[in-house]
Amino acid sequence: MKHAYLIIAHNELELLKNLISILDDERNDIYIHFDAKLNKLPELSVNKSKLYILEKRINVCWADFSVVEAELALLRAAYSNSHYAYYHLLSGVDLPLKSLDYIHTFFDKNAGKEFIDICLYDVSSEMERKMMRWHLFPKDFKNVGKFALITRLMRAMFIRIQECLGIRRNKHINFRKGSQWASITSDFTEYLLSRENIIRKVYSHTFCPDEVFIQTECWNSKFRQKLYDYSPNYRGHMRLIDWRRGNPYVWRDEDYDELMHSDRIFARKFSSKYMGIVRKITDAVCRKN
């Protein structure tokens, strides 16, 4: 069965073009959501894949439910077209570290597994703050300036009022967290889409729901038994991400051996400032296809 690559893009468009060139294969379909803030869309083309650009563009804001909306829109678009073997959520600054042959063989061998990163340490206090309180002005979490200061103060005051009055939402949900990037099956995608109204109710006006909703929906369902790996360091979703050296760390030329000797399928993140490493990985991966 074919795979669907679901890409959220808002900048670094040359890197996006490079990513698409690697994924361009008759076994893959590619879906892209461009942030509504992007004024001019790039010209993209494929030779073997089918490429779908979502017409409805969402204004995606950091830590806001709009990130979840973009992910759901991509999942909905892909699932309505075909029931793919896997749906891979990627950003436009990710790269595969393995050849397409390797990727398809790997997922064939692990068919039915859900590749989701889930933190197993206690996150209850964090979820108390992020998921069980109403957050005002969620699209303005990262804004700066005088108005941003006012909204930040109002948000903090509103959180404090809820704490004093004992107002807690979603208090019966066992929340889990992890990386938002995942590779999930058609069955789990169908399950998520069937619960879209519930997801909107639970995760709207929360903080960083994109790092919580897939993990929580999986953990509290039968799909928990299908998780690929519980190990730390992002092996659960087979992404190589380094938070020790950055936020996350941007891979550079000197990291080539570390990247290519990794057992992970994908890596993030990359930058056009370091195109040498991007070209080297692209050449290595495409040579093996």
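**Exercise 1. A pair in helix H4**

In this predicted model, work out how Glu 126 and Lys 130 are placed along helix H4 (residues 124-130), and which kind of interaction their side chains make.

*Solution.* Begin with the spacing: Glu 126 and Lys 130 are 4 residues apart in helix H4, so about one helical turn separates them. Next, look at the side chains, which meet in a salt bridge with an N to O distance of 2.7 Å. Finally, check the surroundings: both Glu 126 and Lys 130 are buried.

**Exercise 2. An acid without a partner**

Find Asp 210 and say which side chain of opposite charge is nearest to it.

*Solution.* First locate the residue: Asp 210 sits in the loop between helix H7 (196-203) and helix H8 (213-219). Then search for a partner. The nearest side chain of opposite charge belongs to Lys 130, 8.6 Å away. A salt bridge needs a side-chain nitrogen within 4 Å of a carboxyl oxygen, and Asp 210, though buried, has no salt bridge. Now list what does touch Asp 210: leaving aside neighbours within four places in sequence, its contacts are Ala 63, Val 67, Val 68, Glu 71, Gln 180 and Gln 215.

**Exercise 3. A link across the chain**

Which parts of the chain are linked by Asp 94 and Arg 268, and is Asp 94 buried or exposed?

*Solution.* Start with the bond itself: the side chains of Asp 94 and Arg 268 form a salt bridge at 3.0 Å, N to O. This pair links distant parts of the chain, with Asp 94 in the loop between strand E4 (86-91) and strand E5 (95-96), and Arg 268 in the loop between strand E8 (266-267) and helix H10 (275-287), 174 residues apart. For the second part, use the cut-off for buried, which is under 20% relative accessible area. Asp 94 has 2%, so Asp 94 is buried. Arg 268, at 11%, is buried too.

**Exercise 4. A salt-bridge network**

Take the salt bridge between Asp 255 and Arg 245 and find which residues are joined with them into one network.

*Solution.* The two side chains meet at 3.8 Å, N to O. Both residues lie in the loop between strand E7 (239-240) and helix H9 (256-260), so the pair ties together parts that are 10 residues apart in sequence. Their exposure can be compared next: Asp 255 is buried at 4% relative accessible area, whereas Arg 245 is partly exposed at 38%. Follow the shared partners and you reach one network of Asp 242, Arg 244, Arg 245, Asp 255 and Glu 258. For the wider picture, the structure holds 23 salt bridges.

**Exercise 5. Helix H2 and its neighbours**

How do the axes of helix H2 (residues 65-81) and helix H6 (residues 186-194) cross, and at what angle do H2 and H7 pack?

*Solution.* Take H6 to begin with. The axes of H2 and H6 come within 10 Å and cross at roughly 120 degrees, which makes H2 oblique to H6. The crossing is left-handed. Leu 72, Leu 75, Arg 76 and Tyr 79 of H2 make this contact with Ser 186, Thr 189, Glu 190, Leu 192 and Leu 193 of H6.

Now turn to H7. Here the axes are 11 Å apart and the angle is about 170 degrees, so H2 is roughly antiparallel to H7. On the H2 side, the contact uses Phe 65, Val 68, Glu 69, Leu 72 and Arg 76; on the H7 side, it uses Glu 196, Ile 199, Arg 200 and Tyr 203.

How values were computed:
Residues are numbered from 1 along each chain as its sequence is written. This is a predicted model: local features need pLDDT of at least 70, side-chain atom pairs count only at pLDDT 80 or more; totals for chains, interfaces and linings use all residues. Side-chain values use heavy atoms; hydrogens and water are left out. Helices (H or I, at least four residues) and strands (E, at least two) are DSSP runs, numbered from the N terminus. Buried means under 20% relative accessible area, exposed over 50%, partly exposed in between (1.4 Å probe, protein chains only). Lys and Arg count as positive and Asp and Glu as negative; His and the chain ends are not counted. Contact means heavy atoms within 4.5 Å. Axes are lines fitted to C-alpha atoms, for helices over the stretch in contact, and angles run from 0 to 180 degrees between N-to-C directions. Angles under 35 degrees count as roughly parallel, over 145 as roughly antiparallel, 65 to 115 as roughly perpendicular and the rest as oblique. A crossing is left-handed if the near helix is turned anticlockwise from the far one by less than a right angle, and right-handed if clockwise.
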